[in-house]
Amino acid sequence: MTSRYIHGTDPVEQARLSLLNDLLNAACLGAVAPRPGEALLDVGAGLGQLTRALARATGGRAVGVERSEAQRERALALAAAAGEQDLLDLRAGDALALPLADDEWGTFDLVHARFLLEHVPAPAQVVAQMVRAARPGGRIVLMDDDHSLMRLAPAPARFEAVWAAFCRSYDRNGNDPYVGRRLVQLLAGAGAAPRRATWIPYAACAAEPAFAGLVANLAGNLAGARDAIAAGGAVSLADVDEVVADLARFARRPDASLGYAFPWAEGVRVTG
């Protein structure tokens, strides 16, 4: 079984993910609260922007695992442009089969994954490997989506139907669009002791500086997955394109608001 990412990895999608990093990384760092000296493993590192930010906070070099060659190439280019090549040990590999040496298992102080479990058919297997990679007493941090939480007001006419079809595209890939609500359960099932759970807010009204970026990311999310959304037959490609266009107009409405949050959880490995 391998990861199944419905959005692709072309430059448009990479630009959307980079924007999402800009919108979320400060809040994510605050929740994780990385500690100086922690040995870090980031599973599903993507473009490596959060991985490098975590490494800066720990003062060390992070091991990142990323399946996509295109994402790895871009991540290394971004690290080089920032003069941070030494912060990132980026490895090719799948989250379901972590590319760790025998003597690396059970050594990491902090094992992290964000926006990964929704794209794998066996999230429990991924979390079990993450727990195994942590040292006894080490932290396992998960953040992921529960797509039922999205709220727009006033919502574009076809948005609810297109969003529901977007969620069903995960089901057809054997993935869970609501996996975020199960993070604590997944940690406990993998043998970790859950310690904290919260939500990372992703919300604003039109008057706030972040609003345009939040809406742009949402529109890009739907545009990048348009073929997968329409494949189920509940909505058409034209419906998806109409909603994406309507979101551009929604972003300019003075009475508009977007409300969402990302479930977040932390556990500790308690076994040797």
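For charge counting, Lys and Arg are positive and Asp and Glu negative, with His and the chain ends not counted; a charge is placed at NZ of Lys, CZ of Arg, CG of Asp or CD of Glu.

This is a predicted model, where local features need pLDDT of at least 70, side-chain atom pairs count only at pLDDT 80 or more, and totals for chains, interfaces and linings use all residues. Numbering starts from 1 along each chain as its sequence is written, and side-chain values use heavy atoms, with hydrogens and water left out.

**Exercise 1. Work out how far apart the mean positions of the positive and negative charges are.**

Step 1: Tally the charges, and you get 27 positive and 31 negative ones.
Step 2: Compare their mean positions, which sit 3 Å apart.

**Exercise 2. Describe the overall build of the chain, starting from its helices and strands.**

Step 1: Count nine helices and 10 strands, where helices (H or I, at least four residues) and strands (E, at least two) are DSSP runs, numbered from the N terminus.
Step 2: The radius of gyration is 18 Å, close to the 19 Å from the globule rule for 272 residues, so the chain is as compact as a globular protein of that length. That radius is taken over C-alpha atoms, and the rule is 2.2 Å times the number of residues to the power 0.38.
Step 3: Check burial: 53% of the 272 residues are buried (buried is under 20% relative accessible area, exposed over 50%, partly exposed in between, with a 1.4 Å probe and protein chains only).

**Exercise 3. Place helix α2 in its surroundings.**

Step 1: Eight of the 10 residues in α2 (residues 49-58) are buried, so the helix is largely enclosed by the rest of the structure. Among them are Leu50, Leu54 and Thr58.
Step 2: Look at the partners: the buried residues of α2 pack against α1, β1, β2 (62-66), α3 (69-81), β3 (88-92) and β4 (108-114).
Step 3: Follow the chain onward to Gly59, just after α2, with a positive phi of about 80°.
Step 4: Now take β3, one of those partners. Four of its five residues are buried, so β3 is largely enclosed too.

**Exercise 4. Is Gly37 buried or exposed, and what does it contact?**

Step 1: Find Gly37 in the loop between α1 (11-32) and β1 (40-43).
Step 2: Its relative accessibility is 64%, so Gly37 counts as exposed.
Step 3: Skip neighbours within four places in sequence, and Gly37 is in contact (heavy atoms within 4.5 Å) with Thr58 and Asp109.
Step 4: For Asp109, 72 residues away along the chain, the C-alpha separation from Gly37 is 8.8 Å.
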